[in-house]
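Please walk through this protein chain with the model open beside you. The tour goes from the whole chain down to single side chains.

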Amino acid sequence: MWFFARDPVRDFPFELSPEPPEGGPPGPWVLHRGRKKATGSPVSIFVYDVKPGAEEQTQVAKAAFKRLKTLRHPNILAYIDGLETDKCLHVVTEAVTPLGAYLKARAEAGGLKELELSWGLHQIVKALSFLVNDCSLIHNNVCMAAVFVDRAGEWKLGGLDYMYSAQGNGGGPPRKGIPELEQYDPPELADGSSRAVREKWSADMWRLGCLIWEVFNGPLPRAAALRNPGKIPKSLVPHYCELVGANPKVRPNPARFLQNCRAPGGFMNNRFVETNLFLEEIQIKEPAEKQKFFQELSKSLDSFPEDFCRHKVLPQLLTAFEFGNAGAVVLTPLFKVGKFLSAEEYQQKIIPVVVKMFSSTDRAMRIRLLQQMEQFIQYLDEPTVNTQIFPHVVHGFLDTNPAIREQTVKSMLLLAPKLNETNLNVELMKHFARLQAKDEQGPIRCNTTVCLGKIGSYLSASTRHRVLTSAFSRATKDPFAPSRVAGVLGFAATHNLYSMNDSAHKILPVLCGLTVDPEKSVRDQAFKAIRSFLSKLESVSEDPTQLAEVEKDVHAASSPGVGGAAASWAGWAVTGVSSLTSKLIRAHPTAALAETNVPQRPVPEGLPAPAPTPVPATPATSGHWETQEESKDTEEDSSAADRWDDEDWGSLEQEAESVLAQQDDWSTGGQASRAGQTSNPGHKSQESDWSSWEAEGSWEQGWQEPSPPESPPEGTRLASEYNWGGPEPTDKGDPFAALSVRREAGTQPRRDSWGDDNWEGLETESRQAKAELARKKREERRREMEAKRAEKKAAKGPMKLGTRKLD
């Protein structure tokens, strides 16, 4: 029977890379790149080939093998595995690069910063301190060739071939026999004299001085070159001179050297070294210390090396979130470090953490995620967004914190392209309808309108036709002036999504009403939008063949490129109003004042009115202007604006009960405000400067008519009620009643020479008639709404268990 001997090299769980060797320290060892066969993870393999007649070298190599296997320290080359045969020695360590090759590569890429060099030298000195002070070992081979760098930029001390005990056990230092290494020996060893008593660390500290010189100036040509510090930083020169002093007794202990360099103003006293020291001890730090550290970390990451951030900071951040309950403070540095990762690494390391964070109930965590969504949205796929992220994000629309509601609205700009049909056209529109109608923060209503204008191109054709015109028309009636501007900008941003009929019959009438808005910014944008729509209508009128080209996007599927075309129109609201909202969140009275200073315009029946602010509103327009708009808005109840609320929004319809009471408050509030003006003669209207806009016929005549006179005191008879010597009054109605009827129908009386007379009684009576007519129509509309609601409730039956009624 034949027995075949197993090849230990072939059975070794690590294999050498086919690439050429990277070299290694001067001596018999050769450094190769390798990998673990099972996982493919990279390693470094030091190989020594046993040669006949070199028994002394073989013993040195075996001693180094043993030392490396038994010594464990973060700053000493980490041993993983080894193989010893009669023909070779294999030592497997963590993947590293020789310091000389690392410095050369970094010099070609722009050079190392002093921060990196300070931490690298700190690690080597700390390793020497461990060997000398804790293990009583003399390294005896400190030089550039004995230092290696891992993938995080950490410096590791290797080259343990000539190490010996400081206590004299096992004899003196081994003989090197290599001239390249002997040039680093201190002068007291080179001349062979036995000088005065020296410390056990003296020789290694001299070699450390040689290493510092080489790091900053390149290879050491001869020992005499140490007298010139060259490019060594000034803060390090005094300590360097102590290392290369001729008297071995004055050379400092490695621990003392670190202490001197860490003193205020020292070479190793910087933020990078402090960060690394904290990360090394993070497991034993108090939670409060960790929170403070992560809060300050993001400010420093920009100046830290990329490899350090990827391979040292990132694992600590992930560990702190997973096991340390660090919370939201890790998000900012986590996303900063994420910029250094490839797309594949980001998917593996960051995205699972982000998905888990979205399910957190911590408000600080949620708002940080929303604020920084732009940094990771490109790495999220559509299934993840729709099934794991969007269901958690929509809870922000119902949050009581205005900051979370605002950031949730803004996040839809980034999520909309990745949402499916149901989430985008049904769920999101339901929440937008609620926010635009019911949110008490004006800037949030404004940003909702802006967001809708920007994502309008992603909506389906049927949703665009049903929602956009209604939503933007509602925004133009918002008491918050920037919301009205946003409504106009929304029409302009989505102008290519409307048919010519809708532009002429639904949009232009709404925009024309804004040309006499009390706010100039609203009027300016309205005129700009009107000119844009009119130019399109005129071009189609001149050449009807252009109709198909102009309306090509109306019935088209979602087209992501449309929203960006109007970015210059609508981009202002996200940044400008965002800062305003931040102020409103910090001080709620400011929010109340912001909406109080805006004229409280009547809201047409059927539309949910914005929640009134707790501060009593100051009237901003005269009674004539209010009654005229009440009549006009009442006639528009059947327009497209009503269809926004006529849609079946599920439980959102239950909010209509409070809407009717609010509408009554609007009308009674307007009458009370006018009464307040009458009782306070000294009160000045906020819009007195715009009286020429309110006067009838001012467009034709070109002059400003004074504001309508105040109502006479109670009990005063009007001039038209007196009998001025004429025939006895009969049952025949007032001859001017027809005028009131015609004005209510929308026909403006033509101003002629009669316009110079004072018709106070006629105007007051006309206002009263209009107000009464508007009140009756509101009552009719309320009864119709109650009937519709009763029918829907009867058809739907009782609410299902678990159904949550939205606020």
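What follows is a guided reading of a predicted model.

Begin with the chain as a whole. The protein chain holds 36 helices and ten strands. It has 807 residues, and 49% of them count as buried. Now take the contacts between residues at least 6 apart in sequence. Of these, 69% join residues at least 24 apart.

Next, find a small piece of sheet. Three strands form an open sheet in the order β6-β8-β9, with antiparallel pairing. Strands β6 and β9 are the edges, each pairing on one side only. From one strand to the next, the twist averages 40°.

Look at each seam of this sheet. Strand β6 covers residues 96–98, and three bridges join it to β8. Across that seam, Val96 stands opposite Asp150 of β8. On the other seam, three bridges join β8 to β9, which spans residues 155–157. Here Val147 has Leu157 in β9 as its bridge partner. Strands β8 and β9 form a hairpin with four residues between them. In that hairpin, Gly153 takes a positive phi near 85°.

Stay with strand β8, residues 147–150. In a regular strand the side chains alternate between the two faces of the sheet. Strand β8 can be read residue by residue in that light. Val147 and Val149 point one way. Phe148 and Asp150 point the other way. Are these four residues buried or exposed? All are buried, the aspartate Asp150 included.

Two helices lie across these strands. Helix α3, residues 99–108, lies across β6, β8 and β9. Its direction is about 85° to β6. Helix α4, residues 114–134, lies across β8 and β9. This helix runs at about 25° to β9.

Phe148 leads out of the sheet. A search of the whole structure finds 17 aromatic pairs. One of them joins Phe46 and Phe148 in an edge-to-face arrangement. The ring centres are 5.5 Å apart, with 85° between the planes. The pair links distant parts of the chain, since Phe46 sits in strand β3 (residues 42–49) and Phe148 in β8, 102 residues apart. Why do both rings count as buried? The cut-off is under 20% relative accessible area. Phe46 has 7%, so it counts as buried. Phe148 has 1%, so it is buried too. Elsewhere, ring pairs link Phe472, Phe491, Tyr498 and Phe533 into a cluster.

Move on to helix α7, residues 202–217. This helix has 16 residues and reaches 23 Å from its first C-alpha to its last. That is close to the 22 Å expected at 1.5 Å a residue. How many residues of α7 are buried? The count is 15 of the 16, so the helix is largely enclosed by the rest of the structure. Just after α7, Gly218 takes a positive phi of about 100°.

Now check the cysteines. Cys210 is buried, at 0% relative accessibility. The closest cysteine sulfur to that of Cys210 is in Cys143, at 9.5 Å. That is too far for a bond, because a disulfide needs the two sulfur atoms within 2.5 Å. Across the structure, the disulfide count comes to zero. Cys241 is partly exposed, with 41% relative accessibility.

Finish at helix α23, residues 500–513, where Met500 is found. Met500 is buried, with a relative accessible area of 9%. Which residues does Met500 touch, not counting those up to four places away in sequence? They are Lys536, Leu537, Val540, Leu547, Val550 and Glu551. Take Val540 from that list. Met500 and Val540 are 40 residues apart in sequence. In space, their C-alpha atoms are 8.6 Å apart.

Put the stops together. Strand β8 is joined by bridges to β6 and to β9. Its Phe148 pairs with Phe46. Helix α7 is largely enclosed. Met500 touches residues including Lys536 and Glu551.

Conventions: Residues numbered from 1 in each chain as written. Predicted model: local features only at pLDDT ≥ 70, side-chain atom pairs only at ≥ 80, totals over all residues. Heavy atoms only, no water. Buried < 20%, exposed > 50% of the residue type's maximum accessible area, 1.4 Å probe, protein only. Helix = DSSP H or I, 4+ residues; strand = E, 2+ residues; numbered from the N terminus. Pairing = 2+ DSSP bridges. Axes fitted to C-alpha atoms, helices over the stretch in contact; angles between N-to-C directions. Contact = heavy atoms within 4.5 Å. Phe/Tyr/Trp six-rings, centres within 6.5 Å; stacked < 30°, edge-to-face > 60°. Expected span 1.5 Å × (residues − 1).
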